[in-house]
Amino acid sequence: MNRKRQLDIEKIADSVRAECKVTDYGIQNIFEAAEKLGYRVIRYPLGNDAPLGFAIIKNADRIIFSNSSSILSREIFSVAHEIGHHKLHLSEQGLTLIKDYDFNNRDEYEVEANYFAACLLMPVEKVNSFIRLELNEKSINKWTGLDIARIQTVFNVSYDMALIRLKSLGILNDAVMEKLKLEKMEKTTSRLLKVINGNIDLCKATEVKRVPAEYLEWVIFNYNEKLIPIKSLEAALNYVDLKVEDLDLSQEEREEDESFDDLLRVMD
Ligand SMILES: [Zn+2]
């Protein structure tokens, strides 16, 4: 990626933060932010061997799927990365689906989406002002894992992502980075976070199941209008641990299929 492209991506990430009215150092809730941007956000625990995230354009919807079996800080990164694919790579006329199994792929699109996520979650100005104003310009040679844990909590990122971003911004050098990596191995991130009363949830998987309310309303509407069979309704509800009996609906047989099913199939 050349410098011009880097700067373009940085500008797009800045405009996304502005659109979501982010004024804090980090983004408090990336899932809500993505919805604010107009994406349909679906979170589901697919397990650890499954994809981490997808970016999809389906009909008129732009969808972000994230696997909530990942620890929260990684899931947050996935959503930021998928927003990147939507902003940079997907289009109604061209590519409409990108599946991510890991974020170590060196393809051009993957490098760009990772760069976008880093700019979105940890913009250079915000990182610099945090170091100046909150860490009181502490010399990096004196940094410990606790400083990284503070950065993690404020920016809602993983310990590793914080280190990688600080290194790429030229704030950490190799020697300090190695020292901080070792410290993490010795103490584990959640213990570091506990010491500073930071966000320990960042180290756990949420296993959240969440589908936009409009989808379920739409499926129920279609069922009530006899446009979809009960099995499609069941499949959609099963996705969020609901049963047809949980809803007060009539139970007639329906024939036709519809597109929520297709969407679920894309997830499989
Ligand atoms: Zn990707």
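A residue is called exposed when its relative accessible area is over 50% and buried when that area is under 20%. The legends below describe close-up views of a predicted model.

**View 1. Two loop residues, Lys 21 and Glu 137, have positive phi values near 55 degrees.** Most residues other than glycine have a negative phi. Lys 21, with phi near 55 degrees, lies in the loop between α1 (3-19) and α2 (30-36), and its relative accessible area of 69% is over the 50% limit, so the residue counts as exposed. Glu 137, for which phi is likewise near 55 degrees, is placed in the loop between α5 and α6, and with a relative accessible area of 56% this residue is exposed as well.

**View 2. The zinc ion is held among protein donors from His 81, His 85, Asp 100 and Glu 110.** The donor atoms are NE2 of His 81, NE2 of His 85, two OD atoms of Asp 100 and an OE atom of Glu 110, at 2.0 to 2.5 Å from the zinc ion. Along the sequence, the donor residues follow the spacing H-x3-H-x14-D-x9-E. The pair of His 85, in helix α3 (residues 72-88), and Glu 110, in helix α4 (residues 108-121), links distant parts of the chain that are 25 residues apart. Both His 85 and Glu 110 are buried.

**View 3. An open sheet of 4 strands is arranged in the order β1-β3-β2-β4.** The pairing in this sheet is mixed, and β1 (40-44) and β4 (97-100) stand at its edges, where each has a single partner strand, so that one side of each is left without a neighbour in the sheet. From one strand to the next, the twist averages 15 degrees. Strands β2 and β4 run antiparallel and are joined by 4 bridges, with Ile 56 standing opposite Leu 97 in β4.

**View 4. Phe 54 and Phe 65 form a stacked aromatic pair.** A search of the whole structure finds 5 aromatic pairs. In the pair formed by Phe 54 and Phe 65, the ring centres are 5.1 Å apart and the planes meet at 25 degrees, which is under the 30 degrees used as the limit for stacking, so the pair is stacked. Phe 54 belongs to strand β2 (residues 53-58) and Phe 65 to strand β3 (residues 61-67), and the two residues, 11 apart in the chain, are both buried.

**View 5. Phe 130 and Phe 155 meet edge-to-face.** The ring centres of Phe 130 and Phe 155 are 6.0 Å apart, with 70 degrees between the planes. This pair links helix α5 (residues 124-134), which holds Phe 130, with helix α6 (residues 145-155), which holds Phe 155, across 25 residues of the chain. Phe 130 is buried at 3% relative accessibility, and Phe 155 is buried with a relative accessible area of 0%. Ring pairs also bring Tyr 25 into a cluster with Phe 130 and Phe 155.

**View 6. The charged end of Arg 43 sits over the ring of Phe 31.** The distance from this charged end to the centre of the Phe 31 ring is 3.6 Å.

**View 7. Helix α11 (residues 230-238) has buried residues along one face.** Ile 230, Ser 232, Leu 233, Ala 236 and Leu 237 are buried in this helix; seen down the axis of α11, these buried residues fall within an arc of 160 degrees, so they line one face of the helix. Lys 231 and Asn 238, on the other side of α11, are exposed.

How values were computed: Residues are numbered from 1 along each chain as its sequence is written. This is a predicted model: local features need pLDDT of at least 70, side-chain atom pairs count only at pLDDT 80 or more; totals for chains, interfaces and linings use all residues. Side-chain values use heavy atoms; hydrogens and water are left out. Donors are N, O and S atoms within 2.8 Å of the metal (3.2 Å for Na, K and Ca); water is not among the atoms, so sites may look incomplete. Buried means under 20% relative accessible area, exposed over 50%, partly exposed in between (1.4 Å probe, protein chains only). The arc is that of the directions from the helix axis to the C-beta atoms. Rings of Phe, Tyr and Trp (its six-membered ring) pair if their centres lie within 6.5 Å; planes under 30 degrees apart count as stacked, over 60 as edge-to-face and the rest as tilted. A charge sits over a ring if NZ of Lys or CZ of Arg is within 6 Å of the ring centre and within 35 degrees of the ring normal. Two strands pair if DSSP finds at least two bridges between them. Axes are lines fitted to C-alpha atoms, for helices over the stretch in contact, and angles run from 0 to 180 degrees between N-to-C directions.
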